[in-house]
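Reader: I am new to reading structures, and I would like to learn how to go from a picture to careful statements about single residues. Could you take me through one example, a feature at a time?

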Amino acid sequence: MTSRIPQPARSPLLVAAFLVALLTGLPVASVGFNLFLGGTSTTWSHLASTVLPEYIANSLALCAGVGFGVAVVGVTTAWLTAMHDFPGRRVFEWALVLPLAVPAYVMAYVYTDFLQFVGPVQTTLRELFGWEYGDYRFPDIRTLPGAILMFVFVLYPYVYLLARTAFLERAGGVLEAARTLGTGPWRAFFTVSLPLARPAIAAGVALALMETLADYGTVAYFAVNTFTTGIYRAWFSLGDRVASAQLAAILLGFVLLLVALERSTRGRARYHNTSSRHRPPPGRLHGLAGVAAMLACFTPLLLGFLLPAGLLLRMALGEGDAQFGERFLMLASNSLTLSGLTALLAVALAVLLAYSARLSKTFLAQALNRLVGLGYAVPGTVIAVGVLIPVTRLDNWIAGQWESAFGSNPGLILTGGIAALIYAYLARFLAVALQTVDASLSKITPSMDDAARSLGLGQGATLRRVHVPILRGSLFTAALLVFVDVMKELPATLVMRPFNFDTLATQAYTLASDERLTEASTAALAIVAVGLLPLIALSRQISRARKST
């Protein structure tokens, strides 16, 4: 007979989970509330009549170009590595995820230095052909098409990972049956494999587009005006928090539309894997077909990781940051402090939310976790604006109360330090930790909880002595993912960092904005190196999965 926990025993955890979800959703609610304050902002009417159409057009163009690009590159590489055998396939199947370690804004800095007039490409062309300035035209990378290429190089692994899994799990037996009926390879791909993988592909494209809309460093450096650059400009240049919140609300609407479109593409379709035990051997590609497959996989890996990483390493070892030393150690310390504290808090709160949902099993507990899960879809700029508005008011109220009570003004306690910044990170990246912890916790059979309670252990003791030891690996993975995301986060850090407080991300952006690209390489290379950590673990999992099949 299964034991049940009395409802009062669940209440404290559920109340705590409700408070965490409320605080996580507060920034988004704050942004949404300011959408209705249009009549009080004179800046908004100016923005709406001048730059707002450009923001919308550029954002739509970015989404269209990036969506098409990541779909083509991701699906092509996934199909080749999953269903075919060719030279280098075993390396490509895990190496193709490495571009995720390079933030898009770092990619933008690297390619600008590589392709600019005094860069190695144009210098080599002038030396080879004897050209002078004005004798030739070279495409400018710092344009809207250039920004689209940067995002495609970095973000295609989202589609690659999900599409490859779908091809391996769903296309095996069905594809083999189609071939026995005389269907050719190309027709089988378009009529069988691609429709079966459509939900996974749509999910990967949606993730890539969310990252595209959330980006600030790339579009700002390439002078492509989007909602993220407009939010930053309205807040700092125009000093109008209402206008920035209204722009943030429109950007949030774009993101929610993407989420709705992704879910609508799936509809009620369900795909079940009925052939995992018997997958047909990959088709061997010989001759020119094998070479073409190898080049198709090597090109995005080269452009998305090998070339940028090599150029960064060359610049960092050649000249690098002139302030490397004590200044760099301070930047690294700031980044590690923010990332470490956020990761620890995110894992602790994720355990609280996931364990509360496990014990309660009510609609409210599940809804709270879904609410927190939406945070990752919200761009960092939107989160920053949504945090600053209520937290600044709270800060001013605390300062006023303190001055009334003690006769001195303590200043801005929350926004003057890193507390508000960590809060913004948690509002965005708590979803990453929650998804990892919840997935692992759901694999622990409820009978273990019953056995622990039969031995007299309470909820806290069961979590501490039974679940946490089993979840140790997942907790470390969740902390690592949050750690890397915070290290790379630029928009929220730029908006909310305390005065004279820089990180590796803001240092790279500042130096690149000043056209000191070589000096920016040191901080950028450190960010890429840290970003490789979870990808190495992911690559090992892919290799183990291949060996097991």
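Reader: Let me begin with Gln 122: in which helix is Gln 122 found?

Author: Helices (H or I, at least four residues) and strands (E, at least two) are DSSP runs, numbered from the N terminus. In this predicted model, Gln 122 is found in helix H6, which covers residues 120-129.

Reader: Is Gln 122 buried or exposed?

Author: A residue is called buried under 20% relative accessible area, exposed over 50%, and partly exposed in between, with a 1.4 Å probe and protein chains only. Gln 122 counts as buried because its relative accessible area is 7%. Contact means heavy atoms within 4.5 Å, and, leaving aside neighbours within four places in sequence, Gln 122 is in contact with Leu 115, Gln 116, Phe 117, Tyr 136 and Phe 138.

Reader: Before I go on, what should I know about the numbering and the rules behind these values?

Author: Residues are numbered from 1 along each chain as its sequence is written, and side-chain values use heavy atoms, with hydrogens and water left out. Since this is a predicted model, local features need pLDDT of at least 70 and side-chain atom pairs count only at pLDDT 80 or more, while totals for chains, interfaces and linings use all residues.

Reader: What is the mean pLDDT of the protein chain?

Author: pLDDT is the predictor's confidence in each residue, from 0 to 100. The mean for the protein chain is 80, and 85% of its residues reach 70 or more. Among the elements, helix H3 (residues 52-83) has the highest mean, 91, and helix H8 (residues 172-180) has the lowest, 58. Over residues 1-9 the pLDDT is below 50, and this stretch has eight contacts in the model beyond near neighbours in sequence. Residues 271-278 also have pLDDT below 50, with nine such contacts. Where pLDDT is low, the predicted coordinates should not be read in detail.

Reader: How many helices and strands are there in the protein chain?

Author: The protein chain has 22 helices and two strands, and 51% of its 549 residues count as buried. Among contacts between residues at least 6 apart in sequence, 83% join residues at least 24 apart.

Reader: Which residues of the largest nonpolar core touch the most other members?

Author: A nonpolar core is a set of buried Ala, Val, Leu, Ile, Met, Phe, Trp, Tyr and Cys residues joined through side-chain atoms within 4.5 Å. The largest one here has 167 residues, of which Val 70, Tyr 109, Phe 167, Leu 247 and Met 496 touch the most other members. Helix H17 (residues 419-441) gives the most to this core, with 16 residues. Not counting residues up to four places away in sequence, Met 496 touches Ala 384, Val 387, Leu 388, Ala 420, Leu 421 and Ala 424.

Reader: Where are the partners of the salt bridge between Glu 93 and Arg 164 placed in the chain?

Author: A salt bridge is a side-chain nitrogen of Lys or Arg within 4 Å of a carboxyl oxygen of Asp or Glu, and by this rule the count comes to five. Glu 93 and Arg 164 form one of them, with their closest N and O atoms 2.8 Å apart. This pair links distant parts of the chain, since Glu 93 is in helix H4 (residues 89-95) and Arg 164 is in helix H7 (residues 144-170), 71 residues apart. Glu 93 is buried because its relative accessible area is 0%, and Arg 164 counts as buried at 11% relative accessibility.

Reader: Which residues are joined into one network by salt bridges that share partners?

Author: Let us take two more pairs before the network. Arg 428 and Glu 489 meet through their side chains in a salt bridge (3.0 Å, N to O). Arg 428 counts as buried at 6% relative accessibility, and Glu 489 counts as buried at 7%. Salt bridges that share partners join Arg 327, Arg 497 and Asp 502 into one network. Within it, Arg 327 forms a salt bridge with Asp 502, the closest N and O atoms being 3.1 Å apart. Arg 327 is partly exposed, with a relative accessible area of 24%, whereas Asp 502 counts as buried at 12%.
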